[in-house]
Amino acid sequence: MNKNRLEAFSDGVLAIIITIMVLDLRTPSEGTWAALQPLLPVLVAYGLSFVFIGIYWGNHHHLFQAVKRVNGSVLWLNMHLLFWLSRTSFFFQR
C-alpha cells in the first residue's frame with residue numbers, strides 16, 4: 001500500500017474526530033460572560049482535546065515522512081492509534 005493513502009485516511013479520521021468534538025459544544029442561554037461560566041469546563045476540555053489531537057496529527061505527519069512502505073502491521077497499529085485518539089474528548093471531559 002502507498003503510504004500517502006494511509007496518511008490521507010488518517011488525516012480524514014482526525015478531521016472527523018475534531019468535527020465530532022465540536023458537536024458537544026452548546027450555545028449559552030444568554031449572550032453574557034456569566035452565561036459562559038457553566039460551560040467553561042466543556043470549553044477547556046474541547047481546547048485541550050483540540051491541542052492534543054493537533055500534536056498527534058503533527059507527529060503522525062512527521063513520522064510518515066520517514067516511512068518507506070506500509071504493511072498490514074502498520075495499518076493495524078495506525079487504526080489502534082486512531083481509535084484511542086477518537087476517545088480523547090471523552091477522557092478530557094470525565
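**Exercise 1. Classify D24: is D24 buried, partly exposed or exposed?**

Step 1. Take the relative accessible area of D24, which is 37%.
Step 2. Apply the classes: buried is under 20% relative accessible area, exposed is over 50%, and partly exposed lies in between (1.4 Å probe, protein chains only).
Step 3. D24 is therefore partly exposed, given its 37%.
Step 4. Place D24: it is found in the loop between α1 and α2 (33-36). Helices are DSSP runs of H or I with at least four residues, numbered from the N terminus.
Step 5. Add a distance. The C-alpha atoms of D24 and L85 are separated by 16 Å, with these positions 61 residues apart along the chain.

The model is predicted: local features need pLDDT of at least 70, side-chain atom pairs count only at pLDDT 80 or more, and totals for chains, interfaces and linings use all residues. Residues are numbered from 1 along each chain as its sequence is written, and side-chain values use heavy atoms, with hydrogens and water left out.

**Exercise 2. Find the largest nonpolar core and say which helices supply at least two residues each.**

Step 1. Use the criterion: a nonpolar core is a set of buried Ala, Val, Leu, Ile, Met, Phe, Trp, Tyr and Cys residues joined through side-chain atoms within 4.5 Å.
Step 2. List the members. The largest core has 5 residues: L14, I17, I53, L82 and L85.
Step 3. Assign helices. At least two of these residues come from α1, and at least two from α4 (72-86).
Step 4. Check I17. This residue sits in helix α1, and I17 is buried at a relative accessible area of 8%.
Step 5. Trace contacts (heavy atoms within 4.5 Å). Beyond four places in sequence, I17 touches I53, L82, L85 and S86. On the same basis, I53 is in contact with L14, I17, I18, L85 and T88.
Step 6. Set this in context. In soluble globular proteins, nonpolar side chains tend to be buried together.

**Exercise 3. Which residues do L6 and S10 contact, leaving aside neighbours within four places in sequence?**

Step 1. Locate both. L6 is found in helix α1, and S10 lies in helix α1.
Step 2. Check burial. L6 is buried at 4% relative accessible area; S10 is buried at 0%.
Step 3. Read off the partners. L6 is in contact with M1, F64, V70, V74, L75 and N78. S10 is in contact with H60, N78 and L82.
Step 4. Check one pair by distance. L6 and N78 are 72 residues apart along the chain, yet their C-alpha atoms are separated by 8.5 Å.

**Exercise 4. Which residues make the nonpolar surface patch of about 370 Å²?**

Step 1. Recall the rule: patch residues have over 30% relative accessible area and no salt bridge; nonpolar side chains (Val, Leu, Ile, Met, Phe, Trp, Tyr) are joined within 5 Å, like charges within 9 Å. A salt bridge is a side-chain nitrogen of Lys or Arg within 4 Å of a carboxyl oxygen of Asp or Glu. Areas come from the Shrake-Rupley method with a 1.4 Å probe; for residues, only the protein chains shown count as cover.
Step 2. Name the members: I16, I20, V22 and L23.
Step 3. Place one of them. I20 is in helix α1 (residues 3-22).
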